[in-house]
Amino acid sequence: MRPSDNSAGSFYITTPIYYVNDLPHVGHSYTTIAADVHARYHRLLGEPVLFSTGTDEHGQKVARSAEARGMKPQEFVDEVVAGWQRMWERLHIDYDRFIRTTDPHHVLAVQHVFRRLRESGDIYLGEYQGWYCIPCETHLLESELVDGCCPQCQRAVEQVTEPAYFFRTSAYADRLREHIERNPEFILPESRRNEVLSFIKEGLRDVCVSRSRTEWDIPVPDDETQSIYVWFDALANYLSQVGYPDNQDELAKWWPPTLQLVGKDILTRFHATLWPAMLMALDLPLPDAIFAHGWWISAEGDKISKSRGNVLDPYEVAQELAEISGATTSVAVDSLRYFLLREVTFGLDGSFSWRGLLTRFNADLANDLGNLLNRTLPLVERYLDKKIPHPGPGAGELGPEIDRVRNLVEEEMAESDFSAALAAIWQLIASANKFLDSREPWTLHKESKQVELEAVLYDVVDCVRVLGIMVSPFMPESADEIWRQLGLEATQIEKSWRDCHAMEMPSDIAIAPGRPIFPRVDIERATDRLQARREHDKKSQQDQVPATGASAISIEQFAQLELRVGTVLEAHRIPGADKLLRLIIDLGEDQPRQVVAGIAEQFNPRELLNVNVVVVANLAPTTIRGVESQGMILAAGGEKPEAMIVTDRVCPPGTIVR
Ligand code: MSP
């Protein structure tokens, strides 16, 4: 990432806006922490910074999640968004703007974009026919399906045919390719840029940007039959964040974004093609850079996702780390931030393991940084009566090293290589530790070489001050604690990148040593303890009787489920869908219902005929593989059904089950 070429020289950084039907996990936190580090770093540099994030709240998926909880979509999103904001606060994320796609000014901005592009002919009415993945809100080509399922989330897709508006992405393919070729910094890292270029070279197809009208989406202006496609709506957030279309001052101040961070999964089809094509059609400058980072996967090598049940709540991880180490939760949060950005080069994938986290915590934080502070301050306390000395002759020896590292950090940050920037900062920590070892202030004291002693201790304390500034974007609260222990809080000197030079430490102030910030962890004991806790959690989940607590549902919630006995009248295989059966079930209603069930591998259609099954009768209808399903039948077993839930005595179809 190069400094912005936008007119005001400002730094506008964005994260994707997050889907609200998920809880924030380590993966989402990664993008947001990285953006926060950049924002804090650029604020330290004294630049005007706008750091925006938010939530993506429309889409059928959200409407369905709300319905499943017996809530109105707005109620549901309000509740969930509060959870996201709470998480960001807990992770020390200091954003400037938080947009919700349900914000009225965003809705107006999206409709404005849509209207403008329809007027210019970039959006036209056509017919959409094909597959749609509801969880990912993505239209898919037949060739993109994997085993008939969504390549992204591996779940079933639906067949849809409907009139729809299309955005003429194809018209911008050449211009976009040229732009990417001419601006090597536009799509980062380079490997992703190449992927995007080959994607464009295969030809861009027009993107369907509307769907049949749904209640919970932004309506297409002047066409009541259609709603705006959630990705079109979501991408426009980067514009509405900065006052588009009305607030020209805001736009002039911040547009275009300096850096847009996204995960690699949402780069090619969305941020690197649809998004810049939309901007070209709107005659707006493109962002300076879009950086796609890699994915965090679990220690077992699986994608982290709710459906796999391996979601890591970052705040719970920090709380556990605090418990294990004795550090404050705030410091533990910072340590997790440090780990995520240090462990893997930004752009590559990483696998999250506790052992990895604890090893870094001990080696880098407790041993290197913590130890430097824990040995320096007691020396000042013992030999200099807690007072920072005057630099005096001979001081400033670490100056060249500080300058070298500062330059290196600046270079690495300009490339968004957080891991390398941290590695550079750790070189300075190593140099300061080495300096103390070689200059032996304890010997200088013994030999009463007071001037030399003061010069050495001044230099080390001064270097710790610089380190406090340098680590502050990554570990803001720990840096504040370093600042406090150095006695700088009382001076009201603010951290500033300009002060990352030697000899800026004020003299005569009193240091305020405190508890070690990063206490060492006994890794073997800690991992045994974690293992025991995991096993205990697993066991209690298995014997779970959710009588009380957050996971328990109320009797009122249970009463919302309408379970009824149904007699299977017909059972058919669905061509091309090996796992599915289409059942016709009598529920005692005027018409029998059609239900699609994923039981074809375990049950023969014939053995189901006339069986009295249990049906969830008030589930919103959905279309699975082009077949409408008007309910769900209950079966025992996890992913794979093992036995059907049937009644042991004859009872009429439609009988309620409680
Ligand atoms: N709502 C869309 C984005 C619209 S932006 C105009 C979306 N939301 S998301 O909640 O699914 O994902 C948001 C971000 O989290 C993406 O950048 C995604 O890559 C990132 N991550 C989600 N899981 C992740 C990991 N396990 N690892 C790293 N980042 C991942 O997509």
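A residue is taken to surround the ligand if one of its heavy atoms lies within 4 Å of it. By this criterion 24 residues surround the ligand, the closest being Ile-17, Asp-56, Gly-263, Asp-265 and Trp-296. The model is predicted: local features need pLDDT of at least 70, side-chain atom pairs count only at pLDDT 80 or more, and totals for chains, interfaces and linings use all residues. Residues are numbered from 1 along each chain as its sequence is written, and side-chain values use heavy atoms, with hydrogens and water left out.

**Polar contacts of the ligand** (pairs of N or O atoms within 3.5 Å)

- A nitrogen atom of the ligand lies 2.8 Å from a backbone N or O atom of Ile-17.
- The side chain of Asp-265 places an N or O atom 2.6 Å from an oxygen atom of the ligand.
- A polar backbone atom of Trp-296 is 2.9 Å from a nitrogen atom of the ligand.

**Cover and shell**

- Of the 670 Å² of accessible area that the ligand has on its own, the protein covers 95% (Shrake-Rupley method, 1.4 Å probe).
- Two or more residues of the shell come from each of β2 (18-19), α1 (26-44), α7 (230-235), α8 (237-240) and β12 (259-263); helices (H or I, at least four residues) and strands (E, at least two) are DSSP runs, numbered from the N terminus.

**Helix packing**

- Helices α11 (residues 314-325) and α12 (residues 329-343) have axes that come within 8 Å and cross at roughly 120 degrees; axes are lines fitted to C-alpha atoms over the stretch in contact, with angles from 0 to 180 degrees between N-to-C directions.
- α11 and α12 are therefore oblique to each other (not under 35, over 145 or 65 to 115 degrees).

Conventions: A polar contact is a pair of N or O atoms within 3.5 Å; within protein, one must be able to donate a hydrogen and the other to accept it, and residues adjacent in sequence count only if both atoms are side-chain atoms.
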